[in-house]
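Welcome! Open the model in your viewer, keep the sequence panel handy, and follow along stop by stop.

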Amino acid sequence: MWALEMEFLAQRLPMVKWILPQAHFRRVTLSQGQVRPAWFDIASLPPHPNDFDGAGIAGSIHAAEQIILEEVQRGVHPRKIFLVGFSQGAALSLMTGLTTLHDLGGIGSLSGWIPHRIRDHILENSSNLPIFWGLGYSDTEIPFRYALNSVEFLEEQVRIPHSSMTIKEYRDLGHETSDEELIDLADWLEDAMKIAYDSTDSGSS
């Protein structure tokens, strides 16, 4: 899974170092308790507002933070680091990127959402982080209106400027990616990275 998507992105952006962490195997309530790769447990789709695997989410955010820290310690400026994910991976990217103390370059969310019970924590951290958000009208797992609630939370409560949010809506897209969405994501990454790299290379804060 994601092999073709990553092949496309790597070809479009050959100068980028791609780090692809793998979710741990865990029992997933939605899958009748079967052990499968997942960033955190989930009981229903769309996710219920009170469905929140605090321990699993905290562990996965910590793992993502460790990757960020390792890159920073290697000398990579935080603004040159972008978090991108699909579904649970998108939720993890959003939760990590919007709560980290590192000044990252941006977040790419494909079919993602922000769990309700972490939102108060996000509100404690002001942010104008650039975000790409792909939404599928035909998504039944993270329905369009459900995902849009997360977007509205960022715009209305976190007050991320409209200019920092790139929202792309895809009429026939379900809980999956499409060539059109990947092209849009690659275009956004290319533009956002240029801004981030120019600001860091010029020495501006």
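Before we start, one term: helices and strands here are DSSP runs, numbered from the N terminus, with at least four residues (H or I) for a helix and at least two (E) for a strand. With those labels, you can find Arg171 in the loop between β6 and α6. Please keep in mind that this is a predicted model.

**Stop 1: Arg171**

Select Arg171 and show its side chain. Is Arg171 buried or exposed? Its relative accessibility is 58%, so Arg171 counts as exposed, because the cut-off for exposed is over 50%. Beyond its neighbours within four places in sequence, Arg171 is in contact with Tyr137 and Ser138. Now add Asp139: its C-alpha atom is separated from that of Arg171 by 9.5 Å, although their positions lie 32 residues apart along the chain.

**Stop 2: the annotated domain**

Colour residues 11-190. An unreviewed UniProt entry gives this range the feature "domain: Phospholipase/carboxylesterase/thioesterase". The span is 34% helix and 17% strand, and its end C-alpha atoms lie 12 Å apart.

**Stop 3: Ser109 and Ser111**

Next, pick Ser109, in strand β4. Its relative accessible area is 0%, so Ser109 is buried. Which residues does Ser109 touch, not counting those up to four places away in sequence? They are Gly85, Ala90, Leu94, Phe132, Trp133 and Gly134. Try a distance label between Ser109 and Gly134: they are 25 residues apart in sequence, and 6.3 Å apart in space from C-alpha to C-alpha.

Now move to Ser111, in the loop between β4 (106-110) and α4 (119-123). Ser111 counts as buried because its relative accessibility is 4%. Leaving aside neighbours within four places in sequence, its contacts are Phe86, Ser87, Gly134, Asp139, Ile142, Gly174, His175 and Glu176.

**Stop 4: three backbone details**

Ser87, one of the contacts of Ser111, deserves a selection of its own. Ser87 is found in the loop between β3 and α3, and is buried, with a relative accessible area of 16%. Its phi is near 60°, a positive value in a residue other than glycine.

Gln32 also has a positive phi, near 55°. Look for Gln32 in the loop between β1 (25-28) and β2. Gln32 counts as exposed, because its relative accessibility is 69%.

For the third detail, zoom in on Pro46, in the loop between β2 (34-37) and α2. The peptide bond from Leu45 to Pro46 is cis, with omega near 0°. As background, most residues other than glycine have a negative phi, and most peptide bonds are trans.

**Stop 5: helix α3**

Select α3 and switch on the surface. Why is α3 largely enclosed by the rest of the structure? Ten of the ten residues of α3 are buried, so the surrounding structure largely encloses this helix. Its buried residues pack against α2, β3 (82-86), β4 and β5.

**Stop 6: the nonpolar cores**

In soluble globular proteins, nonpolar side chains tend to be buried together. Here the largest nonpolar core has 37 residues, and Leu98, Ile114, Ile131, Trp133 and Leu154 have the most contacts inside it. At least two of its residues come from each of α2 (54-73), α3 (88-97), β5 (131-136) and α5 (144-156). With seven residues, α5 gives the most to this core.

Centre the view on Leu154. Not counting residues up to four places away in sequence, Leu154 touches Leu98, Ile114, Ile131, Trp133, Arg159, Ile160 and Met165. Another core lies apart from the largest one: it has 17 residues, including Val16, Leu185, Met193 and Ala196.

**Stop 7: empty spaces**

Rolling a probe the size of a water molecule over the atoms shows where empty space is left. The second largest pocket has a volume of about 380 Å³. Its lining has 20 residues, and Gly105, Pro130, Ala192, Ile195 and Ala196 are the closest to its centre. Both β6 (165-170) and α6 (179-201) give two or more residues to this lining, and α6 gives the most, with eight. By class, the lining has eight nonpolar, six polar and six charged residues.

Last, select Phe40, Asp41, Ile42, Pro47, Asp51, Phe52, Asp53, Ile57, Trp113 and Pro115, which line the largest cavity. This cavity holds about 50 Å³ of space, and its lining divides into seven nonpolar, no polar and three charged residues.

Conventions
Residues numbered from 1 in each chain as written. Predicted model: local features only at pLDDT ≥ 70, side-chain atom pairs only at ≥ 80, totals over all residues. Heavy atoms only, no water. Buried < 20%, exposed > 50% of the residue type's maximum accessible area, 1.4 Å probe, protein only. Contact = heavy atoms within 4.5 Å. UniProt positions renumbered as here; feature names shortened; annotations may be inferred. Core = buried A, V, L, I, M, F, W, Y, C linked by side-chain atoms within 4.5 Å. 1 Å grid on protein atoms, 1.4 Å probe; cavity = no way out; pocket = protein on both sides within 12 Å on 5 of 7 lines; lining within 4 Å. Points joined across faces, edges and corners; volume = space filled by probe spheres on them. Nonpolar A, V, L, I, M, F, W, Y, C, P; charged D, E, K, R; others polar.
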